[in-house]
Amino acid sequence: MKQILCSITSNAEVMPGIHLMWIEASDIACSAQPGQFITLRCVGFTLRRPFSVHQVGSNNVIASEAKQSHIAFLFKVAGKGTLWLSQRQTGERLDILGPLGEGFTIEPKSKHLLLVAGGIGIAPLVFLMQYASSQHQITLIHGASTAAQLYPFSLAVKKRSKLSPLPKGVQFIPVTEDGSMGQKGRATDILPDFLNWADQVYACGPVDMYKAMAKMSLRAKQSNLKLRKCQVSLEVRMGCGFGACYGCTINTKKGLKHICRDGPVFELDDIIWQEVRI
Ligand SMILES: Cc1cc2nc3c(=O)[nH]c(=O)nc-3n(C[C@H](O)[C@H](O)[C@H](O)COP(=O)(O)OP(=O)(O)OC[C@H]3O[C@@H](n4cnc5c(N)ncnc54)[C@H](O)[C@@H]3O)c2cc1C
């Protein structure tokens with residue numbers, strides 16, 4: 001874990017109310033793992049704000065491992081801190097701490113990975129996809145309220161933008177609540193179609209999505225389907241971000257855990273969902 005002052009190399013609104021920011025942070029870029037996060041200081045606020053590492057690369061674009069010197073994070077303007085962040089300009093510096101937490105793990109025998117993103121939960125899953133796509137078959141389900149809130153993979157290719165393109169061979173399944181793109185509904189509606197295919201499932205999204213998945217996991221155990229080894233990233237409000245305070249303690253079947261230090265990634269079945277009030 002390093003605390004560094006990093007220069008912003010780009011900051012652009014890539015979807016309505018959602019920004020992609022690249023910063024030069026080679027110490028973090030070369031060691032960050034998918035599912036880990038950074039915290040940053042928003043000037044005027046006491047608590048640092050946490051953001052998942054969205055991509056690593058070089059000079060604002062994804063690059064081969066040898067050249068990784070930059071990280072990107074994708075953030076939704078949710079309140080005062082993220083509003084401040086959205087207004088930052090190229091060349092300004094940010095106080096960044098990271099990489100933090102325990103990220104996603106891929107078991108050596110796993111071949112088929114199912115990634116399930118709810119809204120801005122796509123942020124860490126793009127990094128996981130970037131990391132795993134050369135060795136694994138990946139299906140990504142991205143659910144959003146409407147088409148404009150889906151990660152614009154096609155734009156990434158057309159404009160050679162700083163967004164991550166969809167890696168070759170990845171199956172992308174968009175789902176929208178208003179039916180403006182892909183199937184109408186929620187990501188969890190089509191998840192059962194892939195349960196027998198996937199060796200491992202990775203999810204990032206709102207807690208309600210996880211609660212729906214936990215119910216599905218329970219039901220699946222009583223049928224032939226199996227919600228196999230599912231890891232979820234819990235993006236809750238946190239205090240220090242590195243386990244020094246008790247701001248993000250959660251009760252699990254393995255005892256009390258700090259989401260920031262022991263997570264944010266946990267096994268879906270380890271969380272006692274009835275007790276989660278986030
Ligand atoms: C490990 C981790 C990774 C995260 N990664 C991302 C990411 O990649 N992209 C992204 O956009 N956001 C991410 N978040 C959420 C992000 O940290 C919050 O949205 C941000 O801190 C809000 O700051 P603010 O000052 O703008 O909002 P505030 O003024 O503090 O709050 C505004 C609103 O946002 C809600 N809010 C605040 N913090 C969170 C939170 N942690 N989760 C959900 N809602 C929150 C509040 O309840 C309130 O309704 C992550 C959170 C965690 C814990």
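Ala, Val, Leu, Ile, Met, Phe, Trp, Tyr, Cys and Pro count here as nonpolar, Asp, Glu, Lys and Arg as charged, and the others, Gly among them, as polar. Please keep in mind that every view below shows a predicted model.

**View A. The shell around the ligand.** Let's start with the residues that surround the ligand, which number 21. Those that come nearest are G79, G81, T82, A123 and E235. Two or more shell residues are given by each of strand 4 (49-52), strand 7 and helix 2 (80-86). Sorted by class, the shell has twelve nonpolar residues, five charged ones and four polar ones.

**View B. Where domain 1 meets domain 2.** The chain is assigned a domain 1 spanning 2-100 and a domain 2 spanning 112-233. Taken over C-alpha atoms, the centres of these two domains are 23 Å apart. At the contact, 19 residues of domain 1 face 15 residues of domain 2. On the domain 1 side, at least two residues each are supplied by strand 1 (2-15), strand 2 (18-24), strand 6 (61-62) and strand 7 (70-76). What classes of residue make up this side of domain 1? Twelve are nonpolar, six are polar and one is charged.

**View C. An open sheet of seven strands.** Reading across the sheet, the strand order is 12-11-10-9-13-14-17, and the pairing is mixed. Strand 12 (183-184) and strand 17 (265-267) are the edge strands, each with pairing on one side only. Further in, a parallel pair is formed by strand 9 (residues 112-118) and strand 10 (residues 137-144), with seven bridges between them. If you would like a residue to look for in this pair, try H112, whose bridge partner in strand 10 is Q137.

**View D. Helix 3 on the sheet.** Here we stay with the sheet and add the helix that packs on it, helix 3 (residues 122-132). Helix 3 touches strand 9 and strand 10, and also strand 13 (200-204) and strand 14 (230-233). The direction of helix 3 makes an angle of about 160° with that of strand 9.

**View E. Cis peptide bonds at P99 and P264.** Which residue is joined to P99 by a cis peptide bond? The partner is G98, and omega at this bond is about -10°. P99 itself belongs to strand 8 (residues 93-100). A cis peptide bond also links G263 to P264, with omega of about 15°. P264 sits in the loop between helix 7 (259-262) and strand 17, and strand 17 is one of the edge strands shown in view C.

Conventions
Residues numbered from 1 in each chain as written. Predicted model: local features only at pLDDT ≥ 70, side-chain atom pairs only at ≥ 80, totals over all residues. Domains from an automatic or database assignment. Contact = placed C-beta atoms within 7 Å. Helix = DSSP H or I, 4+ residues; strand = E, 2+ residues; numbered from the N terminus. Pairing = 2+ DSSP bridges. Axes fitted to C-alpha atoms, helices over the stretch in contact; angles between N-to-C directions. Near = placed C-beta within 6 Å.
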